[in-house]
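Let's take a friendly walk through this structure, one topic at a time. Please have the viewer open as you read.

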Amino acid sequence: MATPDHAENDLQPFFVLHKALVQKSVRKSSGSRKIRRRIELSPISAKNAEKMEIGTGEEWDDHHYEHLRMEAFNFVWSKIESTIKDVLRNINLNVFNEIHRWVCESFDAIKSCGTTLTKATHSYPIVTDATFRQLFTGLVFTKNMEFVDDLMTFEELGLHLKSHGCHVANLSSIDFSANNGIGGCLRSLLRQFLMVTLDAADISILASWYSDQGNYNKPVVVIIDDMERCCGSVLSDFILMLSEWAVKVPVILIMGVATTLDAPRNILPSNVLQHLHVSKFLLGSPSERMDAIVEAVLVRLCSGFCVGYKVAAFMRNYFLRQDGTLTSFIRALKWFQIACVVHFSSEPLSFMLKALFVEENSQGFWSEEHALFPEEMLKYAFDLPSCRRNNTEERTGENLAHDLSELKRLQKCWSTIVLCLYEAGKYNKIQLLDLFCEAVVPCLGNSTASNHHLGSGISSSSDHSIHHQYLISEKCSFICQAIRKVRDLPVVLLYQLLKSWEKLTEDVIEIHDKVKELQSLLKFENGKSLKQDLTNIPKRHTSRSHLNMDKDSKVLNEKAARLMETMVRDYMQPVECIPFHEIVCFKNVDKLQSALMGDPRRRIQLDLLEFQKILLCSCCSNSSKAILPSMHNTSILYTLAQEHGDLINLHDWYQSFKSTVFQPSTKGKHKLKQSPAKKRKDTNESQNQSEASIQVRFCRAVTELQITGLLRMPSKRRPDYVQRVAFGL
Amino acid sequence: MEGNYGEDEEFGFARNYFIAKELGGSGKKSSRKLSDIELVDEQELRAAARSIESKHEKEIASLLNSYKSLYPKWVFELRCGFGLLMYGFGSKKALIEDFASTALTECAVVVINGYLQSINIKQAVTAIAEALWDQLKTRRTPSGDFPKVQQPFNSRSMDDLLAFMDGSHSEKNDCFVCVVIHNIDGPGLRDSDTQQYLARVAACSHIRMVASIDHVNAPLLWDKKMVHTQFNWCWYHVATFVPYKAEGIFHPLILAHGGTAQSAKTAAIVLQSLTPNAQSVFKVLAEHQLAHPDEEGMPVNNLYSICRERFLVSSQITLNSHLTEFKDHELIKTRRHSDGQDCLYIPLATEALEKLLQDISQ
């Protein structure tokens with residue numbers, strides 16, 4: 001693999017391996033033009049273009065599908081991304097507006113304080129009045145230690161304020177490092193406000209920018225997203241400087257705080273604190289945001305893309321194990337992203353996803369398009385495990401198209417019901433993530449009539465037992481809890497619940513009708529008393545009618561709960577029970593896990609200790625644990641190291657290495673091959689040589705262990721020992 | 001691994017640690033010295049290193065070959081905006097470069113050798129920016145007006161370079177430079193400032209990153225912001241078992257350095273290149289040290305008077321020039337005597353010193 005000139009490059013700190021190939025780039029750019037054209041065209045003619053391409057391509061053209069897959073990914077991911085952004089923005093919108101109002105008020109206060117602004121533009125302001133030197137400071141409490149989650153929030157806040165006509169600069173703790181000092185944050189400020197980079201950053205430049213360019217009728221806002229991680233001394237210098245210049249550049253500070261109200265007091269000295277005029281704002285809690293994202297992305301299926309139950313469980317565990325209820329949705333965001341990528345690059349059919357879920361009238365689309373599926377793809381589709389049971393079905397594009405639209409319909413039902421459950425669960429503080437994880441488990445409703453699809457989803461008994469465990473571990477399932485809650489709801493809440501159900505089920509007519517029926521029943525039976533109930537409960541006069549009404553409503557509760565149960569049983573079909581779900585559903589939890597979190601500490605040690613499993617060589621795959629001389633040198637050495645304590649005596653280690661390498665068994669073999677006479681002749685020389693070669697192998701192996709960080713080299717104090725670093729996998 | 005991952009594992013770690021500690025402490029600690037091994041001398045060792053036979057060549061080759069099937073997937077993930085992080089035992093240098101030169105032909109590839117001791121990150125980033133600039137120039141259709149570079153890249157600030165790489169220069173986001181970093185956890189890149197810069201480079205819209213790590217604790221270099229929003233790693237376990245040739249090039253061979261025999265040998269080589277008078281001065285000091293092994297060293301005055309008596313030096317100045325030479329080659333060192341006097345000593349063990357005297361008097 002290595003060419004000779006590589007050896008030289010090995011010693012260069014960096015080098016250009018190759019430049020972009022011009023020829024290829026031409027081909028590529030023409031490819032991208034093709035895509036662009038396709039996008040510009042109306043959908044129907046685009047389809048025709050595609051048809052033509054496929055027609056001329058004759059066969060399963062990898063390159064073509066690769067393109068489609070990439071497009072599908074971009075499509076799905078951009079949709080998910082924008083959905084998540086919208087969800088988060090909506091959650092934060094109220095706070096953002098509140099902050100904006102406060103910024104405007106503060107700015108007005110500053111302006112009214114000084115008729116000074118015009119005056120101040122002339123000379124350096126000498127202010128004696130302390131109130132002039134106060135900085136309006138907004139502390140935004142994130143309620144979340146994971147500051148990564150809030151990076152985007154503060155970015156959005158910046159954009160929000162910018163769009164409302166403020167000058168905004170976003171700073172982070174990196175700008176406030178002790179290394180760069182105050183120059184660092186000033187440079188960053190100037191960069192963002194003036195779009196210039198200056199070596200000699202000075203706030204007077206900012207001041208003249210503010211007064212010169214007619215900028216002075218807009219507030220200047222500086223956002224620091226993670227105040228607690230800033231270097232305290234730099235931050236206090238910064239605040240002191242701003243307050244000194246407060247008249248010329250009235251900066252309004254916004255700082256993100258992850259912990260408590262004490263945070264500024266812990267970081268800043270009191271002489272700095274007295275310059276801050278503090279207001280407080282609260283962001284939504286992480287679990288709220290998490291639920292909103294789960295709802296939009298996974299339950300409402302904004303992209304048509306979903307995850308299997310194992311993946312869901314893994315994700316949930318990861319959340320809980322990592323940081324309890326403080327969830328980080330950047331992580332979630334990345335999960336979905338990775339899930340999409342992994343899915344799209346491993347499932348040849350998933351590019352159909354796009355077509356399946358973009359087109360509103362999917363039926364029409366498919367009937368037009370299905371004829372174009374190449375034979376191989378149809379074969380692939382009908383060989384999917386979820387579909388194999390239906391051997392009788394004809395393998396035509398029409399059937400595929402029909403099944404796919406059926407899949408879409410069933411998913412719609414499923415998501416509606418999960419949302420209904422969530423509405424009920426809200427009264428019991430059930431989180432959507434929990435409900436969701438349960439709702440995707442494939443053998444729910446095992447005993448019902450709708451299980452004719454089930455054979456596909458859970459064929460193996462191990463799956464079943466996993467599910468069983470899952471339910472037991474949850475004590476009682478969240479779905480049961482939600483339904484039980486329906487039984488216990490007071491009339492008022494039941495009324496509200498039905499109302500929300502009515503709204504949710506609009507698209508699923510069968511359920512919608514039943515909900516309506518129930519609603520009218522509620523209105524009918526409690527026609528008069530309900531109104532009373534809604535206005536003032538304690539005023540109900542006779543205890544008898546009270547009792548009666550109670551009974552009536554209990555009946556209604558029961559009915560609603562029944563309805564819920566039927567809904568769960570008949571309509572909530574987890575996606576893994578539906579044929580062709582492989583196309584839209586990502587199930588491979590191992591892949592996800594390995595892509596998401598590497599485990600170098602464990603894996604590298606395993607590589608060394610069980611290298612046979614990876615190399616699959618015939619010579620070392622002895623099942624016994626004996627160390628064989630044919631093994632990889634570093635493996636031998638590391639296996640030997642396991643027998644030592646935290647310190648390894650180099651001498652002993654070397655001796656055992658040597659004796660391992662010189663094990664009699666293989667030596668015997670070697671001897672047989674060589675003629676004894678010749679052997680004897682150069683024994684002396686070869687012994688010397690082999691001594692050198694063993695020593696050098698030992699050295700190499702030690703170096704390699706040092707590179708992997710599994711060893712610490714001898715110190716001056718202990719020149720004959722190396723230190724082990726890792727104990728156990 | 002899913003279920004009982006948490007507590008058991010953690011206790012396991014602790015338990016293993018203490019067991020290991022105990023093994024080291026209570027068991028009779030072997031006190032044998034490295035010098036007890038009959039060490040081959042360094043040159044021979046280096047020669048042997050060149051001809052070291054590699055094991056399992058066939059299996060390693062087929063293992064590397066098997067990773068080739070992952071190439072399209074890796075390219076796909078890079079295009080989707082991920083970084084690739086390769087880990088697992090064995091040098092991944094050849095694998096990654098092979099991947100880059102066969103599968104990433106459509107973009108420029110800049111390689112950074114993180115295993116080297118010192119890397120100027122600014123220069124590396126400049127090179128990346130230049131590569132991107134070249135690529136953008138060739139991609140551009142003639143009609144498109146492209147802003148001229150106002151300033152050569154090497155005089156721009158880091159922030160400007162990063163802004164250039166993060167800008168939107170082409171309407172589709174398909175024009176990128178791939179940065180390959182061998183050993184992003186290597187000694188030259190390990191400090192946190194450099195890692196911050198690398199993270200910011202990785203986050204640029206026109207940059208994709210492929211990196212390898214070898215150290216088991218490498219993930220500790222990054223905080224959550226870097227991992228989740230900047231590097232955006234996709235992990236790949238690709239053990240190769242290829243020897244760390246380039247990576248280990250600056251690591252001293254453990255059996256070749258530090259051993260007393262070795263330092264005596266180098267001392268002899270230095271001494272033999274000096275004048276006979278200088279050698280004799282050194283001998284005076286050595287003999288004194290051998291005669292008084294418990295003393296802290298020989299006061300400079302004493303040395304001067306003895307050397308003068310033997311007509312080795314004529315003045316303090318000539319003695320000092322000899323001493324400076326010795327010090328430069330670390331043949332002697334000074335330390336403060338208990339009565340406050342500076343005195344000289346040779347930092348070698350007694351046996352080594354004897355051997356040295358033998359060597360130079362031959």
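A residue counts as buried when its relative accessible area is under 20%, as exposed when the value is over 50%, and as partly exposed in between. Keep in mind that the model is a predicted one.

## An enclosed strand in chain B

Let's start with strand β3 of chain B, residues 177–182. Six of its six residues are buried, so the strand is largely enclosed by the rest of the structure. The side chains split into two sets: B:Val177, B:Val179 and B:Ile181 point one way, while B:Cys178, B:Val180 and B:His182 point the other way. Both sets are buried, B:His182 included.

What does β3(B) pair with? Strand β2 of chain B (residues 109–113) runs parallel to β3(B) and is joined to it by five bridges. Within this pairing, B:Val180 of β3(B) has B:Val111 opposite. Strand β4 of chain B (residues 207–212) also pairs with β3(B) in the parallel sense, again over five bridges. There, B:Ile207 in β4(B) is the bridge partner of B:Val177.

## An antiparallel sheet in chain B

Elsewhere in chain B, three strands make an open sheet with antiparallel pairing, in the order β6-β8-β7. Its edge strands are β6 (298–299) and β7 (333–336) of chain B, each of which pairs on one side only.

β6(B) runs antiparallel to strand β8 of chain B (residues 342–345), and two bridges join them. One residue pair to look up here is B:Pro299 with its bridge partner in β8(B), B:Cys343.

## Nonpolar cores

The largest nonpolar core holds 153 residues. Which of them touch the most other members? They are A:Phe436, A:Trp501, A:Trp653 and A:Phe698. Setting aside neighbours within four places in sequence, A:Trp501 is in contact with A:Cys420, A:Glu423, A:Ala424, A:Val486, A:Val515, A:Ala560, A:Leu563 and A:Met564.

There is also a second, separate core of 57 residues, and A:Leu157, A:Phe176, A:Met227 and A:Val257 are among its members.

## Where the two chains meet

The size of an interface is often given as the accessible area lost when the parts come together. For chain A and chain B, the buried area is about 9,800 Å², with carbon and sulfur atoms giving 63% of it. Chain A brings 112 residues to the contact and chain B brings 111 residues.

On the polar side, 28 residue pairs are in polar contact between chain A and chain B, counting pairs with both residues at pLDDT 80 or more. Helix α34 of chain A (residues 683–707) gives the most to the chain A side of the interface, with 15 residues.

Four salt bridges are found across the interface of chain A and chain B. One of these pairs is A:Lys19 with B:Asp134, at 3.1 Å from N to O. Another salt bridge links A:Arg191 and B:Asp160, whose closest N and O atoms are 3.2 Å apart. A:Arg191 sits in helix α7 (residues 181–194) of chain A and B:Asp160 in helix α7 (residues 158–166) of chain B, so this pair joins two chains. Are these two residues buried or partly exposed? A:Arg191 counts as partly exposed because its relative accessibility is 22%, and B:Asp160 is likewise partly exposed at 22%.

## Salt bridges within chain A

Side chains of opposite charge can pair when their charged atoms come close. Over all chains, the search of the whole structure finds 27 salt bridges. One of them brings A:Arg89 and A:Glu156 together at 3.0 Å, N to O. This pair links distant parts of the chain, with A:Arg89 in helix α4 (residues 62–113) and A:Glu156 in helix α6 (residues 147–163) of chain A, 67 residues apart. A:Arg89 is partly exposed at 32% relative accessibility, whereas A:Glu156 is buried at 13%.

A:Arg562 and A:Glu558 offer a local pair, their side chains meeting in a salt bridge at 3.8 Å, N to O. They are four residues apart in helix α26 (residues 543–571) of chain A, so about one helical turn separates them. A:Arg562 is exposed, with a relative accessible area of 51%, while A:Glu558 is partly exposed at 27%. Both belong to a network of salt bridges that links A:Arg487, A:Glu558, A:Arg562 and A:Glu565.

Key: Residues numbered from 1 in each chain as written. Chains lettered and ligands numbered in written order. Predicted model: local features only at pLDDT ≥ 70, side-chain atom pairs only at ≥ 80, totals over all residues. Heavy atoms only, no water. Pairing = 2+ DSSP bridges. Core = buried A, V, L, I, M, F, W, Y, C linked by side-chain atoms within 4.5 Å. Buried < 20%, exposed > 50% of the residue type's maximum accessible area, 1.4 Å probe, protein only. Contact = heavy atoms within 4.5 Å. Buried area = accessible area lost by both parts, 1.4 Å probe. Polar contact = N/O pair within 3.5 Å; in protein donor to acceptor, adjacent residues only side chain to side chain.
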